[in-house]
Amino acid sequence: MFDPPPGFVPHFRKSPLTEPWEPLYSKREGEVLTIGVLVAAPHTNARGLAHGGLIAALADNAMGLACALAGQGAGAGVGGIVTVSLTCDFTGSAKIGDWLEIRAIPVRVGRTLAFGEAQVTTGDRSVARASAVFSVQTAPSPPPVG
């Protein structure tokens, strides 16, 4: 059984895309959301390295969640977040057995657009950096009282 680093708990947001990559872990520190995963065979390409698609998808997931949570916490009426643009620059690699962390920061959450950034690391090595723009979906208004 694997024990994640201190502060990480089983990730609170499940989706059909990430289900095969479980277990995923996350931690929140203010507006920063970090997703972590111990790289295993289902996460890798033919060379045994963490697949770029996994890294980009988890960065997108973490940035979107960080922006949505920041928008909800600020009372901005955020009902959901939809990716408009995603950029991911790969700066290194992670192999089976490496602990991979995707640290996402909401840069700005407005009424219609949100912007996020993420750093992907294993230990003290950079694996990728990402940025994204999201369309902010408004939360439904509560029904009138009366």
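# Strand pairing, core and pocket in a predicted model

Strand 5 and strand 6 form a hairpin with 3 residues between them. Helices (H or I, at least four residues) and strands (E, at least two) are DSSP runs, numbered from the N terminus. The model is predicted, so local features need pLDDT of at least 70 and side-chain atom pairs count only at pLDDT 80 or more, while totals for chains, interfaces and linings use all residues. Residues are numbered from 1 along each chain as its sequence is written, and side-chain values use heavy atoms, with hydrogens and water left out.

## The paired strands

Two strands pair if DSSP finds at least two bridges between them. The pairing of strand 5 with strand 6 is antiparallel and extends over 9 bridges; within it, V109 has A114 in strand 6 as its bridge partner. Strand 5 also pairs with strand 3, again in the antiparallel sense, over 6 bridges. Strand 3 in turn runs antiparallel to strand 2 (residues 25–29), and 5 bridges join the two. Strand 2 and strand 3 form a hairpin with 2 residues between them, and G30 in the turn has a positive phi of about 65 degrees.

The following table gives individual bridge partners and the strand in which the partner lies.

| Residue | Bridge partner | Strand of the partner |
|---|---|---|
| Y25 | G36 | strand 3 |
| G36 | E101 | strand 5 |
| L38 | W99 | strand 5 |
| V109 | A114 | strand 6 |

G36 thus appears with Y25 as a partner and also stands opposite E101. Strand 3 is mostly covered, since 6 of its 7 residues are buried; buried means under 20% relative accessible area, exposed over 50%, and partly exposed in between (1.4 Å probe, protein chains only).

Ahead of strand 2, the loop that follows strand 1 (9–10) contains P23. The peptide bond joining E22 and P23 is cis, with omega of about 5 degrees.

## R103 in strand 5

R103 is found in strand 5 (residues 99–109). At 38% relative accessibility, R103 counts as partly exposed. Contact means heavy atoms within 4.5 Å. With neighbours within four places in sequence left aside, R103 is in contact with V32, L33, T34, E117, A118 and Q119. The C-alpha atoms of R103 and L38 are separated by 15 Å, and the two residues are 65 residues apart along the chain.

## The nonpolar core

A nonpolar core is a set of buried Ala, Val, Leu, Ile, Met, Phe, Trp, Tyr and Cys residues joined through side-chain atoms within 4.5 Å. The largest one here has 32 residues, and those with the most contacts inside it are I55, L58, M63, L100, I102, A118 and V120. At least two residues of this core come from each of strand 3 (32–38), helix 1 (52–73), strand 5, strand 6 (113–122) and strand 7 (125–138). Helix 1 supplies the largest share, 11 residues. In soluble globular proteins, nonpolar side chains tend to be buried together.

L58 illustrates the contacts of one core residue: apart from neighbours within four places in sequence, L58 is in contact with T18, W21, L24, I35, V37 and I102.

## The largest pocket

On a 1 Å grid over the protein atoms alone, a pocket is an open set of points where a 1.4 Å probe fits, with protein on both sides within 12 Å along at least five of seven lines; lining residues have an atom within 4 Å of a point. The largest pocket holds about 340 Å³ of space. Its lining has 17 residues, of which R13, N61, G64, L65 and I81 are the closest to the centre. Helix 1 and strand 4 (78–90) are the elements that give two or more residues to this lining, and helix 1 gives the most, with 8 residues.

## Two residues of strand 4

D89 is found in strand 4 and is partly exposed, with a relative accessible area of 33%. Not counting residues up to four places away in sequence, D89 touches V127, A128 and R129. D89 and R129 are 40 residues apart in sequence and 5.4 Å apart in space, C-alpha to C-alpha.

F90 is likewise found in strand 4. Its relative accessible area is 45%, which makes F90 partly exposed. Beyond residues up to four places away in sequence, F90 touches G52, I55, V127 and A128. From F90 to S126 the C-alpha distance is 8.6 Å, with their positions 36 residues apart in sequence counted as separation.

Methods. Points joined across faces, edges and corners; volume = space filled by probe spheres on them.
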